[in-house]
Amino acid sequence: GDTSTDAEAAEGLSITPEGLITTSTTQDSLASLKPQTSSPSNSSDVVVDVTGSTGNVVTWAAEDARARLLELRWLATHERAPAELAGLVAAVELDVVFAAVRRNARASDSESGMGRSWRSRPPVADAGSLTPSANAYRARGAGAREVSRIEELRRSVQASLNKICPESVASIAEKIGEVQVENQEELRQIISLIFKKAVSEPHYIQTYADLVFRLRACYPEFPDEDGGKPITFKALLLNICQDEFDSLPTCMNEKEAAMDPEEAASRKKIKERILANMKFIGHLFLRQMLSARVISSVIKELTLCDDADQAPEEHVIECAVELLMSVGHTLEGMPAGKQAMSQVCGRLLDLKGRKTQSGQGIYRKRIQFAIQDLLDARKAGWARKVFGGVAKTKAEIKLEQERELNPHAYGGEVASGQVVISGQRPGYISARSGPL
C-alpha cells in the first residue's frame, strides 16, 4: 500500500540507531530485494544492512528500513511484486516512535520556557510595574485603610435599605433608627439615601413612605447654624423633596428627544424621577407629614391656575395628574383641599379641550387621556382599577389569589385588576387633617 505517511513521519523524527523495525519474513526472501535499476535515484544505491535475524523475524536499522520502504512503494506502483514478498508484514515499534516524539517536545519546551509547573516558573518581569488604582477593592482587615464615620454610616443604612419590603419595613425602621447620629450632616445623609432609593424604585414608594413615617421621631433635633428653628428629621426630608421639586425642568421637548436615542433615554430617566417624587410627596401627605395647604399650593403651581393664558408643559401636567391621583380622595375630603381640587380639575378640563390654530389639541392624546382618567376617577369617588405596580405583603397576595380562584371554581368570570381608592390614607393613620 501507500507508505508515504509513515515514511515522511519517520523522516521528521530524530530516531536513534536503537529505533528498529521488525519484519516478519525470512532472510532468503529478502535477498531478492536488491537495488533496481529502474527505481528512483534516491534509493537506487541503498544497501540494506540487516542487524540481526532470529527464525522468521529479521531486524533492520531504522534508516535502512525507511529506504527499503520507499523502494517498495516505487515497486508497488511500477512493477509486479516478487512472489517471495507475499504475506510480508511490517510493524513499527510505536513505543520507540512516541518516546522520540516526547524527547523532541521536552527539548522544545525547555528552550521556550514552557512545560514547567507554574510553581517553578519565574515571575513576570513587569509584574512590579502594576499599580492598583486609588479606588481598587481592598479586603477590610489588617492593613486596610480606615473608613470615615460618614462612609460607615452610609454603608450600614444602605445595607438595610437593600433588604426592605412591605413585610420587613418595621424591622428595617427599627434597625436604621438605632444608628447613632451625632450631627445634622449625618442625619441628612440618612434621609438622602432613603429619598434616593424611593425615587429610584417607584414600586416601593408606599413602603419607603411607611419607613420615614416610623423614623420621624427616632432622631434628635439639631440646632440651626443660622439661629432658626431646630433641624428635625421631618424638616430635612421636606427640604430634600422641595429641592427636587424646584429642580423640575421647565421644558422637555420629547418630540426632539425621540430623534436621539441617548437624549430620549436621559429625559425618560429624568421624567420617571420627578414623577416618583410627586408620588412620594403625595404619600407623605397621606401619612400626615405634609399639610393640605402645602399640597394645594403645589398642584395650583403645577397647573398655573394663577395664569390662565399660559399652558404648562406636558411633563408638568403629568406631574400634576400623578400627585392628584396619589392624594385625591383624602385631599377632597378636607375643607382646605376641596376648593383647590375643584379649581385644579376645572383648569385641567380647560387645558384638555384647548386647540391650536390648526385645530389640533395643544397636548398629545396620551396627556388628554391621562386628564380624562383623573376626571373619571374623581367622578367615581376616586375608585379606579389598577393592574399592579404596588408592592404587597404575602398575606395580601394570598387574599388576592383566593379572590381570583373562588369565582373560577364556580365557573364564574375572573375579574382582571383590582379596584382601589386613589389617595386613601393607610389604615394605621388616624383621620386627622393636620400634620403630626
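The legends below describe close-up views of a predicted model. Local features are given where pLDDT is at least 70 and side-chain atom pairs where pLDDT is 80 or more, while totals for chains, interfaces and linings use all residues. Residues are numbered from 1 along each chain as its sequence is written, and side-chain values use heavy atoms, with hydrogens and water left out.

**View 1. A salt bridge within helix H11 joins Glu 263 and Arg 267.**
A salt bridge is a side-chain nitrogen of Lys or Arg within 4 Å of a carboxyl oxygen of Asp or Glu; the count by this rule is twelve. In this pair the N to O distance is 2.9 Å. Helix H11 covers residues 261–286, and the two partners, four residues apart, are separated by about one helical turn. Helices (H or I, at least four residues) and strands (E, at least two) are DSSP runs, numbered from the N terminus. Glu 263 has a relative accessibility of 32% and counts as partly exposed; Arg 267, at 23%, is also partly exposed. Burial is judged by relative accessible area (1.4 Å probe, protein chains only): buried is under 20%, exposed is over 50%, and partly exposed is in between.

**View 2. Glu 314 and Arg 364 form a salt bridge between distant parts of the chain.**
The side chains meet at 2.9 Å, N to O. Glu 314 belongs to helix H13 (residues 314–332), whereas Arg 364 sits in the loop between helix H14 (335–353) and helix H15 (365–379), 50 residues apart. Glu 314 is buried at 16% relative accessibility, and Arg 364 is partly exposed at 30%.

**View 3. Glu 332 of helix H13 pairs with Arg 378 of helix H15.**
The closest N and O atoms of this salt bridge are 2.8 Å apart. Because Glu 332 lies in H13 and Arg 378 in H15, the pair ties together parts that are 46 residues apart in sequence. Glu 332 counts as buried at 19% relative accessibility, and Arg 378 as partly exposed at 25%. Elsewhere, Arg 149, Glu 182 and Glu 186 are joined into one network by salt bridges that share partners.

**View 4. Helix H15 packs its buried residues against H13, H14 and strand S5.**
H15 has 15 residues and spans 21 Å from its first C-alpha to its last, close to the expected 21 Å at 1.5 Å a residue; the expected span is 1.5 Å times one less than the number of residues. The buried residues in H15 are Ile 367, Gln 368, Ile 371, Leu 374, Leu 375 and Ala 377. Strand S5 covers 383–386. Just after the helix, Gly 381 takes a positive phi of about 75°. Trp 382, in the loop between H15 and S5, has a phi near 65°, a positive value in a residue other than glycine. Trp 382 is buried, at 2% relative accessibility.

**View 5. Helices H12 and H14 are roughly parallel to each other.**
The axes of H12 (residues 292–303) and H14 come within 9 Å and cross at roughly 15°. Axes are lines fitted to C-alpha atoms, for helices over the stretch in contact, and angles run from 0 to 180 degrees between N-to-C directions. Angles under 35 degrees count as roughly parallel, over 145 as roughly antiparallel, 65 to 115 as roughly perpendicular and the rest as oblique. Residues of H12 that meet H14 include Ala 292, Ile 299 and Thr 303, and the H14 residues met include Ala 336, Ala 340, Val 344 and Leu 351. Contact means heavy atoms within 4.5 Å.

**View 6. Helices H5 and H6 are roughly antiparallel to each other.**
H5 (residues 149–161) and H6 (residues 169–177) pack at an angle of about 175°, and their axes are 10 Å apart. On the H5 side, Val 157, Ser 160 and Leu 161 meet Ile 172, Lys 175 and Ile 176 in H6.

**View 7. Asn 277 is a buried residue of helix H11.**
The relative accessibility of Asn 277 is 1%. Leaving aside neighbours within four places in sequence, Asn 277 is in contact with Phe 195, Val 199, Cys 241, Glu 244 and Phe 245.

**View 8. Gln 288 lies in the loop between H11 and H12.**
Although not a glycine, Gln 288 has a positive phi of about 60°. At 2% relative accessibility, Gln 288 is buried.
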